[in-house]
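Please look through the structure shown below at your own pace, and keep the sequence beside it as you read the report that follows.

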Amino acid sequence: MQARVRTMLGLAALSGMVAVAAGAFGEHGETNAVAKDWLKTGAEYGMAHALAVYAAFALMRAEARFAEVAAWLLLAGAIVFSWSLDLMAVTGAPAFGMVTPVGGPLMLAGWLALAISAFAGARKPDA
């Protein structure tokens, strides 16, 4: 497996781990209602998109076009969106929220690329 693919999958797994940690902290360790909500939202989006990266990887294995682009967009969107919410909740620094809106369009583009990848199919016809 290529190093960039291992990196992508490793980051997706870390994103899933951060999602679990953020969700648990939000539920059991945070008392501020707004911060709890940010952690919950970050956890939900982070986990969904970490798993979506693995779906993109399955399409990559099937040599579907645009699958790797989809994976990187989904991963970038999840990290920017979810982790910025997590950092804002944990640190109380609203400056992290300035990048949060960038994550949404990245995630949307990733889902679109994933759909195109699924519909477009393989780069070369099956033998």
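Which residues does serine 117 touch, not counting residues up to four places away in sequence? Serine 117 touches Leu59, Ala64, Arg65, Phe66 and Ala67, where contact means heavy atoms within 4.5 Å. The place of serine 117 is in helix 4, and with a relative accessible area of 1% this residue is buried. Buried means under 20% relative accessible area, exposed means over 50%, and partly exposed lies in between (1.4 Å probe, protein chains only). Helices here are DSSP runs (H or I, at least four residues), as strands are (E, at least two), and they are numbered from the N terminus.

This is a predicted model, in which local features need pLDDT of at least 70 and side-chain atom pairs count only at pLDDT 80 or more, while totals for chains, interfaces and linings use all residues. Residues are numbered from 1 along each chain as its sequence is written, and side-chain values use heavy atoms, with hydrogens and water left out.

**The loop between helix 2 and helix 3**

Several of the residues described here belong to this loop. Alanine 64 is placed in the loop between helix 2 and helix 3 and is buried, with a relative accessible area of 4%. Although alanine 64 and alanine 122 are 58 residues apart in sequence, they lie 4.0 Å apart in space, C-alpha to C-alpha.

Most residues other than glycine have a negative phi. Two residues of the loop are therefore worth comparing with that rule, and the table gives their values.

| Residue | Place | Phi | Relative accessible area |
|---|---|---|---|
| Glutamate 63 | loop between helix 2 and helix 3 | positive, about 60° | 31%, partly exposed |
| Phenylalanine 66 | loop between helix 2 and helix 3 | positive, about 70° | 44%, partly exposed |

Phe66 also takes part in a nonpolar surface patch of about 370 Å², together with Val69, Leu112 and Ile116. Patches are made of residues with over 30% relative accessible area and no salt bridge, like charges being joined within 9 Å and nonpolar side chains (Val, Leu, Ile, Met, Phe, Trp, Tyr) within 5 Å. A salt bridge is a side-chain nitrogen of Lys or Arg within 4 Å of a carboxyl oxygen of Asp or Glu, and accessible areas come from the Shrake-Rupley method with a 1.4 Å probe. Isoleucine 116 of this patch lies in helix 4 (residues 100-120) and is partly exposed, with a relative accessible area of 37%.

**Helix 3 and its partners**

Helix 3 (residues 67-91) has 25 residues and should span 36 Å at 1.5 Å a residue, which agrees with the 35 Å between its end C-alpha atoms; the expected span is 1.5 Å times one less than the number of residues. Glycine 92 follows helix 3 and has a positive phi, near 75°.

A search of the whole structure finds one aromatic pair. This pair is formed by tyrosine 45 and phenylalanine 81 and is tilted, with 5.0 Å centre to centre and 55° between the planes. Rings of Phe, Tyr and Trp (its six-membered ring) pair if their centres lie within 6.5 Å, and planes under 30 degrees apart count as stacked, over 60 as edge-to-face and the rest as tilted. The pair links distant parts of the chain, since tyrosine 45 is in helix 2 (residues 33-61) and phenylalanine 81 in helix 3, 36 residues apart. Tyrosine 45 is partly exposed at 37% relative accessible area, whereas phenylalanine 81 counts as buried at 15%.
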